[in-house]
Amino acid sequence: MLDCAGQKIIAQEAYLNSLDAALGDGDHGITMRLGFQAIAAALNELDPQTGLDVIFRKAGMSFMGGTGGAIGVIFGKMLMSGAGPLHGVQQFGTAEFKIVLREMELAIISTGKAKVGDKTILDAVHAANQAMLDSDPQDQDLGSAVSKAAKAAEKAAQDTAGMICRVGRASRLGARALGCPDPGAVSFGIILGAMADWLAETGPTA
Ligand SMILES: [Mg+2]
């Protein structure tokens, strides 16, 4: 799933750069590509039996090491935050997905100063978590859970176009930030969307 997410992110590099160019320095697509290339290289070296905690920790560390800037640290920490609660876990199911999403939101809040509505990646992650809280707890199908979370994250990412940046360099833009979605939030939507597509095409691994 991470490999598939990386491929979809890399395919959107120019689009993500263009979103960042409207709000910042235009390198978001490059950063995400470098991070996911570093993840792919690190995961390639892992034994197929590696536990999920090691996968998330390695993915987060390599993303952080392969990139710079705030999003490198934030997305790296988001991935690493999944490691703790998945210690000893080998299979990624609906319960694990919900745990990781929740940990990711907490990691963003503890790393940055952003709050929901500040036009950051947090808006997309928060919406995905809300969608999970609102979903039927009896529905344990991973594909439908990820699909719901992805749709919520994608919508929330587009909704950030109507927000003013309240944290980071782009906060200086004021109302000029209106009309452009936050690139980090868009990236998170792409990642969950890629995971949902992968699950729909391949199905969860046994
Ligand atoms: Mg940038």
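Select helix α6, residues 94-111. Its buried residues are Phe97, Val100, Leu101, Glu103, Met104, Glu105, Ala107 and Ile108. Show α5, α7 and α8 as well: the buried residues of α6 pack against these helices. Keep in mind that this is a predicted model. Now put a distance between the end C-alpha atoms of α6. The helix has 18 residues and reaches 26 Å, close to the 26 Å expected at 1.5 Å a residue.

**Into the loop**

Follow the chain out of α6 and stop at Lys119. This residue lies in the loop between α6 and α7. Is Lys119 buried or exposed? Lys119 counts as buried, because 27 C-beta neighbours lie inside 10 Å and the cut-off is 20 or more. Check the backbone here too. Lys119 has a positive phi of about 65°, although it is not a glycine. Most residues other than glycine have a negative phi.

**Helix α7**

Next, select residues 121-134, which form α7. The 14 residues of α7 should span 20 Å at 1.5 Å a residue, and the end C-alpha atoms are 20 Å apart, which agrees. Colour the buried residues of this helix: Ile121, Leu122, Asp123, Ala124, Val125, His126, Ala127, Ala128 and Ala131. What covers them? The cover includes α5 (69-81), α6, α8 (142-159) and α9.

Centre on Ala124. Leaving out residues up to four places away in sequence, Ala124 touches Ala153, Ala156, Ala157, Ala185, Phe188 and Gly189.

**The core**

Ala124 also leads into the largest nonpolar core, which has 62 residues. Ala124 is one of those with the most contacts inside this core, along with Ala128, Val146, Ala149, Ala153, Leu192 and Met195. Which helix gives the largest share of this core? That helix is α9, with 11 residues. In soluble globular proteins, nonpolar side chains tend to be buried together.

**Helix α9**

Select residues 183-202 for α9. The 20 residues of this helix should span 28 Å at 1.5 Å a residue, and the end C-alpha atoms are 28 Å apart, which agrees. Why is α9 described as largely enclosed by the rest of the structure? Of its 20 residues, 15 are buried, so the rest of the structure largely encloses it.

Add α2, residues 13-23. The axes of α2 and α9 come within 9 Å and cross at roughly 155°. Angles over 145 degrees count as roughly antiparallel, so α2 is roughly antiparallel to α9. Show the side chains at the contact: Leu16, Leu19 and Asp20 from α2, and Pro183, Val186 and Ser187 from α9. By class, this contact has 4 nonpolar, 1 polar and 1 charged residues.

**Pro183**

Stay in α9 and pick Pro183. It is buried, with 30 other C-beta atoms within 10 Å. Beyond its neighbours within four places in sequence, Pro183 is in contact with Leu16, Leu19, Asp20 and His28. Now put a distance from Pro183 to Tyr15. Their C-alpha atoms are separated by 9.1 Å, and the two residues are 168 residues apart along the chain.

**Met32**

Move to helix α3, residues 28-44, and pick Met32. How many C-beta neighbours does Met32 have inside 10 Å? There are 29, so Met32 counts as buried. Which residues does Met32 touch, not counting those up to four places away in sequence? They are Ile9, Leu16 and Ser187. Leu16 and Ser187 also appear in the contact of α2 with α9. Met32 and Leu16 are 16 residues apart along the chain, and their C-alpha atoms are separated by 8.7 Å.

**Last stop: Met1**

Finish at Met1, in the segment before α1 (2-11). Met1 is buried, with 20 other C-beta atoms within 10 Å. Leaving aside its neighbours within four places in sequence, Met1 is in contact with Met195 and Trp198. Met195 is among the residues with the most contacts inside the largest nonpolar core. For a final distance, select Met1 and Val54. Their C-alpha atoms are separated by 15 Å, with the residues 53 apart along the chain.

Conventions. Residues are numbered from 1 along each chain as its sequence is written. This is a predicted model: local features need pLDDT of at least 70, side-chain atom pairs count only at pLDDT 80 or more; totals for chains, interfaces and linings use all residues. Helices (H or I, at least four residues) and strands (E, at least two) are DSSP runs, numbered from the N terminus. The expected span of a helix is 1.5 Å times one less than its number of residues. A residue is buried if 20 or more other C-beta atoms lie within 10 Å of its own, exposed if 12 or fewer, and partly exposed in between; C-beta atoms are placed from the backbone. A nonpolar core is a set of buried Ala, Val, Leu, Ile, Met, Phe, Trp, Tyr and Cys residues joined through C-beta atoms within 7 Å. Two residues are in contact if their C-beta atoms, placed from the backbone, lie within 7 Å. Axes are lines fitted to C-alpha atoms, for helices over the stretch in contact, and angles run from 0 to 180 degrees between N-to-C directions. Angles under 35 degrees count as roughly parallel, over 145 as roughly antiparallel, 65 to 115 as roughly perpendicular and the rest as oblique. Ala, Val, Leu, Ile, Met, Phe, Trp, Tyr, Cys and Pro count as nonpolar, Asp, Glu, Lys and Arg as charged, and the others, Gly among them, as polar.
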